[in-house]
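Let's take a friendly walk through a protein structure together. Keep the picture open while you read, and look for each residue as it comes up.

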Amino acid sequence: MSKKKNKVRFGLKNAHYAKATFDEDGNVTYAKPVRLPGAVSLSMDPEGENENFYADDIVYFVINNNAGYEGDLELALIPEEFLKDILHEEEDANGVLAENANNTFERFALLFEFTGDAKAIRHVLYCCSASRPSMEGETKEDEKEVQTEELSLIASALANGYVKAKTSTNTSKAVYDSWYDEVYMPPVTPEEDEGDDNTSGGDNTEPNG
C-alpha cells in the first residue's frame with residue numbers, strides 16, 4: 001500500500017533546540033533536544049549563489065555555493081533555558097539573569113515541524129547560531145496585544161557538509177516518532193567512513209526509510 005503524500009503544508013510547531021559540542025576535527029555531538037514553546041513563525045532564506053564557469057562558449061560547469069540559511073525565529077517568549085544554555089546569560093544566587101559581553105554563544109541544532117494535510121514534515125537545521133534578541137515594548141492600550149520576541153539565526157554546514165534534513169513520505173516510523181528524542185544524522189556509508197568520521201554523537205545510525 002502506498003503512503004499518503006502531503007498536498008499542502010501549513011503551521012509551525014514543536015520547535016526544539018539541541019546544544020552542539022564540537023571536537024578539534026569538527027565532529028559534533030548534541031545534547032538532548034529541549035522544547036522551544038510558543039513558536040510563531042520561522043523564515044530562513046538560502047545563502048550563497050551558484051556561479052557559472054564558461055568554456056567552449058557554453059556554461060561548462062556550475063559551482064554550487066551553499067552557504068546555509070539566514071533568517072528569524074519568532075517566539076511568544078524566549079525561554080530562560082535557551083538564554084542560559086545558548087546565549088550564556090548568567091543567573092546569580094538571587095535568580096537574576098545577567099548578560100556578559102565576555103561570554104561566547106553556543107551553536108545548536110534547531111528542530112521543528114510544518115503541519116501537512118496528511119502528516120507533519122519534521123525538520124532539523126544542524127548548525128545554528130543566534131544573535132542577541134532585540135528589546136521592544138509598547139504601552140498597554142484599550143486592547144491587549146501580545147508582543148513576541150525574535151531570534152536572528154544563521155544556519156551553516158557541519159564539517160561533513162550536512163546543513164539540514166527533513167522527513168519524507170518514506171521515512172520509517174521509528175525515525176519519525178523519535179525525531180525529538182535526539183538529533184537525527186544520516187548514516188555514514190563505508191565509502192564516507194574511510195579515514196573521515198564526521199558523524200553525530202549518539203547512536204543515530206538508523207536509515208531514514
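## A nonpolar patch on the surface

I58 is partly exposed, with a relative accessible area of 46%. This residue belongs to strand β6. Before going on, please keep in mind that you are looking at a predicted model.

I58 has company: together with F53, Y60, F61 and I63, I58 makes a nonpolar surface patch of about 520 Å². Which strand gives the most to this patch? The answer is β6, covering residues 58–63, which supplies 4 residues.

## An enclosed strand and its partner

Now turn to strand β10, residues 108–116. Of its 9 residues, 8 are buried, so the strand is largely enclosed by the rest of the structure. Its partner is strand β11 (residues 121–130), and the two pair in the antiparallel sense over 6 bridges.

How many residues lie between β10 and β11 in their hairpin? There are 4. To see the pairing for yourself, find F112 and look across to H123 in β11, which stands opposite. As you look along the strands, a general point may help: in a regular strand the side chains alternate between the two faces of the sheet.

## Two cysteines without a bond

Next come two cysteines, C127 and C128. Is C127 buried or exposed? C127 is buried, with a relative accessible area of 2%. C128 counts as buried too, at 1% relative accessibility.

A disulfide is a covalent bond between the sulfur atoms of two cysteines. Why is C127 not in such a bond? The closest cysteine sulfur, in C128, is 7.2 Å from the sulfur of C127, and that is too far for a bond. The cut-off used here is 2.5 Å between the sulfur atoms. C128 is in no disulfide either, as its nearest cysteine sulfur is that of C127. The count for the structure comes to 0 disulfides.

## Salt bridges, exposed and buried

Side chains of opposite charge can pair when their charged atoms come close. How many salt bridges does the structure hold? It holds 4. Let's visit some of them.

One of the salt bridges joins the side chains of R132 and E99, at 3.0 Å from N to O. This pair links distant parts of the chain: R132 sits in the loop between β11 and β12, while E99 sits in the loop between β9 and β10, 33 residues apart. Both R132 and E99 are exposed.

Another salt bridge connects D177 with K173, where the closest N and O atoms are 2.6 Å apart. Both residues lie in helix α2 (residues 173–177), with a spacing of 4 residues, about one turn of the helix. D177 is partly exposed, with a relative accessible area of 44%, whereas K173 counts as exposed at 63% relative accessibility.

## R122 and its contacts

R122 is found in strand β11. Is R122 buried or exposed? R122 is buried, with a relative accessible area of 13%. Its side chain meets that of E113 in a salt bridge, at 2.9 Å from N to O. E113 is buried as well, with a relative accessible area of 2%.

The side chains of R122 and E113 are also joined by a polar contact of 2.9 Å. On top of that, a polar atom of the R122 side chain lies 2.6 Å from the backbone oxygen of Y176. Try finding E113 and Y176 in the picture, starting from R122.

## Apart in sequence, together in space

Let's finish with two pairs of residues that are worth tracing along the chain. G38 lies in the loop between β3 and β4 and counts as partly exposed, at 32% relative accessibility. G38 and L77 are 39 residues apart in sequence, and their C-alpha atoms are 6.9 Å apart in space.

The second pair brings back H123, which stands opposite F112. H123 is 56 residues from W179 in sequence, with 8.7 Å from C-alpha to C-alpha in space. W179 is found in the loop between α2 and α3. At 1% relative accessibility, W179 counts as buried.

How values were computed:
Residues numbered from 1 in each chain as written. Predicted model: local features only at pLDDT ≥ 70, side-chain atom pairs only at ≥ 80, totals over all residues. Heavy atoms only, no water. Patch = residues over 30% accessible without salt bridge, like charges linked within 9 Å, V, L, I, M, F, W, Y side chains within 5 Å. Areas by Shrake-Rupley, 256 points an atom, 1.4 Å probe, with all protein chains shown as cover. Buried < 20%, exposed > 50% of the residue type's maximum accessible area, 1.4 Å probe, protein only. Pairing = 2+ DSSP bridges. Polar contact = N/O pair within 3.5 Å; in protein donor to acceptor, adjacent residues only side chain to side chain.
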